[in-house]
Amino acid sequence: MGNSDFDRRLFLGGVGGAVLCNGPAFGLTPIDPCPTDRVTISGGFGTAAFNVDIAADEQTRARGLMHVPAMSLSRGMLFIYQRPQIMSFWMRNTLIELDMLFLDGFGVIQHIHHRAKPLDETAISGGDQLLTGVLEINGGLAQRLGIRRGDVLRHPAFISQSEPWACGK
């Protein structure tokens, strides 16, 4: 029964050992270390972060930002494709001016189409390179922030070309 210091240390040591050996306690909800609703872009200008909606299936990619009357400066839409491909977009039923940042499989910006015109159905090409994603942000914002070709977008959908990515960096 004792209440000695030795008994308390033995008990606390056992509890600590059980936690260290068995991992996290039951009932804890794991926190996703890489949120999918946020991207960062790094380059010579510094770093910019955007909260994004993801368009990763046929239906959401086809709808995109159609009929959206306004979008805050910190938001965007990230289009993700499973296989690298040549990409072309248009602005059908899109009510706001957009910058389109075309991305390779590493998240490197390969082409920027500045200020796509609302409601214009002219094809907007990402070039003749195979790409896996496009980030759409408010028109004129890429130039205002200094985002350029070669800058890198970080998101779990893209693998790092030079270093493992620790989320939030």
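This is a friendly dialogue about reading a predicted model, from its overall make-up to a few chosen side chains.

Visitor: Where do I begin? How many helices and strands does the protein have?

Guide: Welcome! Keep in mind that the model is predicted. The protein has three helices and nine strands. Starting at the N terminus, the order of the elements is α-β-β-α-β-β-β-β-β-β-α-β.

Visitor: What share of the residues counts as buried?

Guide: Of the 169 residues in the protein, 33% count as buried. The accessible surface comes to about 10500 Å², and carbon and sulfur atoms account for 57% of that surface. You can also look at contacts along the chain: among those between residues at least 6 apart in sequence, 71% join residues at least 24 apart.

Visitor: Now for the rings. How many aromatic pairs does the structure hold?

Guide: First, the general idea: two numbers describe a pair of aromatic rings, the distance of the centres and the angle of the planes. This structure holds two such pairs. In one of them, F79 and F89 are 5.0 Å apart, centre to centre, with 90 degrees between the planes, which makes the pair edge-to-face.

Visitor: Why does the pair of F79 and F89 tie together separate parts of the chain?

Guide: Because F79 belongs to strand 3 (residues 75-85) and F89 to strand 4 (residues 88-89), the pair ties together parts that are 10 residues apart in sequence. Both F79 and F89 are buried.

Visitor: Which residue does F89 pair with besides that one?

Guide: F89 also forms an edge-to-face pair with F102, at 6.0 Å centre to centre and 90 degrees between the planes. F102 sits in strand 5 (residues 98-103) and F89 in strand 4, so this pair ties together parts that are 13 residues apart in sequence. Ring pairs thus link F79, F89 and F102 into a cluster.

Visitor: Are F89 and F102 buried or exposed?

Guide: The cut-off for buried is under 20% relative accessible area. F89 is buried because its value is 10%, and F102 is buried because its value is 0%.

Visitor: Let me try a charged residue. Where is R61 found, and what is its nearest side chain of opposite charge?

Guide: R61 is part of helix 2 (residues 58-63). R61 is buried but has no salt bridge; E58, the nearest side chain of opposite charge, is 4.5 Å away. A salt bridge would need a side-chain nitrogen within 4 Å of a carboxyl oxygen.

Visitor: Which backbone oxygens does the side chain of R61 reach?

Guide: Among them is the backbone oxygen of I80, at 2.7 Å. Another is the backbone oxygen of A56, which lies 3.0 Å from a polar atom of the R61 side chain. Setting aside neighbours within four places in sequence, R61 is in contact with A55, A56, F79, I80 and Y81. That list brings back F79, a member of the ring cluster.

Visitor: And R92: where is its place, and is R92 buried or partly exposed?

Guide: R92 is in the loop between strand 4 and strand 5. Its relative accessibility is 32%, so R92 counts as partly exposed.

Visitor: What does R92 contact?

Guide: Neighbours within four places in sequence aside, R92 is in contact with M66, D120 and E121. The side chains of R92 and E121 are joined by a polar contact of 3.0 Å. For a backbone view, the C-alpha atoms of R92 and L119 are separated by 4.8 Å, although these residues are 27 apart along the chain.

Conventions
Residues are numbered from 1 along each chain as its sequence is written. This is a predicted model: local features need pLDDT of at least 70, side-chain atom pairs count only at pLDDT 80 or more; totals for chains, interfaces and linings use all residues. Side-chain values use heavy atoms; hydrogens and water are left out. Rings of Phe, Tyr and Trp (its six-membered ring) pair if their centres lie within 6.5 Å; planes under 30 degrees apart count as stacked, over 60 as edge-to-face and the rest as tilted. Helices (H or I, at least four residues) and strands (E, at least two) are DSSP runs, numbered from the N terminus. Buried means under 20% relative accessible area, exposed over 50%, partly exposed in between (1.4 Å probe, protein chains only). Contact means heavy atoms within 4.5 Å. A polar contact is a pair of N or O atoms within 3.5 Å; within protein, one must be able to donate a hydrogen and the other to accept it, and residues adjacent in sequence count only if both atoms are side-chain atoms. Lys and Arg count as positive and Asp and Glu as negative; His and the chain ends are not counted. Accessible areas come from the Shrake-Rupley method with a 1.4 Å probe; for residues, only the protein chains shown count as cover.
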